[in-house]
Amino acid sequence: MGRLSVELCGLPLDNPVIPASGTFGFGYEFAEWYDINCLGTFSFKGTTREARFGNPTPRIAECPSGMINAVGLQNPGVDRVIAEELPKLKRVFHKPVMANVSGFSLQEYQETCALLDQEEQVGWLEVNISCPNVHGGGMSFGTDPAAAAEVTRAVKAVTHKPVIMKLSPNVTDIAAIAKACEDAGADAVSLINTLQGMRIDLRTRRPVLQNVTGGVSGPAVFPVALRMVWQVSRAVRIPVVGMGGISSPEDVLEMMMAGASAVEVGAANLTDPLACRKIIGGLPAAMDRYGIENLRELINR
Amino acid sequence: MKETLLTITGNIPLTANVYRLSLRGEGLELHRPGQFVNIALAGRFLRRPISVFDQEGEELRLIYKTVGAGTDQLSRMRTGEKLNVLTGLGNGYDLSRAGEAPLLLGGGAGVPPLYLLARELLKAGKTVHAVLGFNTEAEVFGEADFRALGCEVTVVTADGSHGRKGFVTDAFPENYSYFFTCGPEPMLRAVYRTAKTDGQFSFEERMGCGFGACMGCSCRVKDPEHPGEIRYKRICREGPVLEKGEILWDA
């Protein structure tokens with residue numbers, strides 16, 4: 001095994017770096033910039049049962065050391081994802097991919113997950129119960145332990161592949177939500193999704209985002225994410241996938257020292273299309289600097 | 001599409017808040033007029049998308065308007081400083097439909113991408129008429145550049161302080177084979193209503209990435225192949241140029 005290799009729910013990863021859902025499309029946009037087979041895997045664009053256009057624009061605002069988005073789960077719907085996007089993805093990425101799923105009802109989560117569970121390319125199902133930008137769904141499942149457990153049980157009942165529940169940071173006690181998911185059968189948890197935020201345009205005196213609020217991501221949220229990964233890692237025994245503002249090899253190491261078995265990289269992909277390749281490329285030297293022989297030794301919870 | 005490091009060779013004001021930025025470097029990868037570049041600025045998380053005014057070999061010229069803290073910062077950068085730039089973004093204009101006498105309609109900060117377009121159209125032997133619209137004389141730029149290329153140029157100002165008084169839609173010539181336009185949305189809507197031929201529109205939108213990953217700049221379009229069906233396009237990727245026949249204006 002290489003110095004960088006880890007495993008996630010029994011599946012090997014060449015390295016722990018996973019582009020996060022919503023920042024990497026279905027992979028082929030990035031395949032024009034580099035060979036994306038250097039990634040551990042990636043989590044594809046959040047998929048729902050039906051097609052969604054998402055929220056009106058502007059959907060993007062900048063903030064100090066980060067950005068705010070209110071895209072609202074734009075995606076072509078699971079049938080077209082399977083018929084059109086996965087074949088295109090397969091041409092450029094030859095490892096198991098992480099399928100990211102959102103929903104507005106238990107039934108919708110179940111239907112979408114069951115369909116993607118049957119796809120050979122899919123290695124893991126990452127179930128998003130934390131999208132802050134859709135109304136009447138998404139995050140509302142992720143802010144209550146009982147509701148989070150219900151989604152977990154519902155998805156586990158219709159799938160065979162590892163189920164990773166993606167958690168919202170917009171809660172009082174994220175460890176309680178993670179524990180509820182674990183007790184309901186989740187194979188892993190990933191965190192954090194974006195933090196709710198907003199900006200106002202001084203000239204127009206109106207919110208920059210048409211949706212008024214959005215999700216903050218980027219280096220600004222890294223310390224918050226790290227703290228939550230630390231807390232969750234001490235509350236559950238299942239693997240934790242850490243994310244939130246990671247943009248350097250050092251951030252990866254720090255997140256793994258906090259308890260993450262693997263990491264997702266989000267906003268960094270949007271400002272530098274080569275970000276993940278650079279992070280992976282820089283890991284060995286960063287490990288040397290801190291006397292880390294292999295990454296597996298960091299995962300010691 | 002390419003990430004490249006470019007050196008500033010000039011950054012001069014053309015008006016009170018419009019600057020011409022000259023850059024030099026390898027790997028510009030620009031294939032069509034109307035494409036744009038996305039510039040990283042120190043201390044700013046998101047890049048700033050700027051349309052291309054002109055490109056020749058390793059020389060790139062951009063004209064941008066200062067509209068906020070990021071472009072203000074850019075305007076203070078000096079010759080010799082370097083910029084990390086993603087180049088060759090967006091679809092650009094499709095010149096194949098221009099016909100023999102294309103009309104170019106630019107408004108304010110929408111004028112720059114029409115320059116390289118005009119140059120390419122003239123090179124292809126077309127007769128090019130450019131109508132450039134501004135609010136007032138102090139905001140006019142580019143007029144001499146377009147004339148030097150060999151275009152017929154009409155300048156209009158809303159207050160009549162320079163050129164003809166009025167809007168670009170008041171200066172449509174009698175005859176033209178096709179049109180290309182770029183400018184603020186109210187102008188684009190007026191052009192859409194006024195134009196008698198087909199044409200192409202270049203749009204602006206707040207972008208996250210500029211290369212199709214974040215879905216931040218999506219818009220709805222009509223599908224000309226399937227009447228009644230609506231699809232989406234990303235302004236940064238399948239745009240910024242849209243054909244007249246596919247545009248769906250938001251209410």
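This is a dialogue on reading the chain contact, a pocket and some backbone features in a predicted model.

Student: How many residues does each chain bring to the contact between chain A and chain B, and how is the extent of such a contact expressed?

Tutor: An interface is often sized by the accessible area lost when the parts come together. Here the area buried between chain A and chain B is about 2600 Å², with carbon and sulfur atoms giving 59% of that area, and the contact draws 35 residues from chain A and 29 residues from chain B. On the chain A side, A:W33, A:F53 and A:E62 lose the most area to chain B, and together they account for 24% of what that side buries.

Student: Which polar interactions are counted between chain A and chain B, and how many salt bridges are there?

Tutor: Between chain A and chain B there are eleven residue pairs in polar contact, both residues being at pLDDT 80 or more, and the count of salt bridges is four. One of the salt bridges joins the side chains of A:K278 and B:E3, at 3.2 Å from N to O. As for where the touching side of chain A comes from, α1 (28-31), β4 (60-63), β5 (66-69) and α9 (268-271) each supply at least two of its residues, and β4(A) gives the largest share, four residues. By class, that side of chain A has 16 nonpolar, ten polar and nine charged residues.

Student: Which residues lie nearest the centre of the second largest pocket, and what classes make up its lining?

Tutor: The second largest pocket holds about 540 Å³ of space and is lined by 23 residues, among which A:Q74, A:P76, A:R80, B:R231 and B:Y232 lie nearest its centre. Two or more lining residues come from each of α1 and α2 (78-92) of chain A and from β14 (230-234) of chain B, with β14(B) giving the largest share, five residues. The lining has eight nonpolar, three polar and twelve charged residues.

Student: Which peptide bonds in chain A are cis, and where is the positive phi of A:L73 found?

Tutor: Most peptide bonds are trans, and most residues other than glycine have a negative phi. In this model a cis peptide bond joins A:T57 and A:P58, with omega about -5°, and A:P58 sits in the loop between α1 and β4 of chain A. Another cis bond joins A:L191 and A:I192, with omega about 10°, where A:I192 belongs to the loop between β9 (188-191) and β10 (195-197) of chain A. A:L73, although not a glycine, has a positive phi of about 60°, and this residue lies in the loop between β5 and α2 of chain A.

Conventions
Residues numbered from 1 in each chain as written. Chains lettered and ligands numbered in written order. Predicted model: local features only at pLDDT ≥ 70, side-chain atom pairs only at ≥ 80, totals over all residues. Heavy atoms only, no water. Contact = heavy atoms within 4.5 Å. Buried area = accessible area lost by both parts, 1.4 Å probe. Polar contact = N/O pair within 3.5 Å; in protein donor to acceptor, adjacent residues only side chain to side chain. Nonpolar A, V, L, I, M, F, W, Y, C, P; charged D, E, K, R; others polar. 1 Å grid on protein atoms, 1.4 Å probe; cavity = no way out; pocket = protein on both sides within 12 Å on 5 of 7 lines; lining within 4 Å. Points joined across faces, edges and corners; volume = space filled by probe spheres on them.
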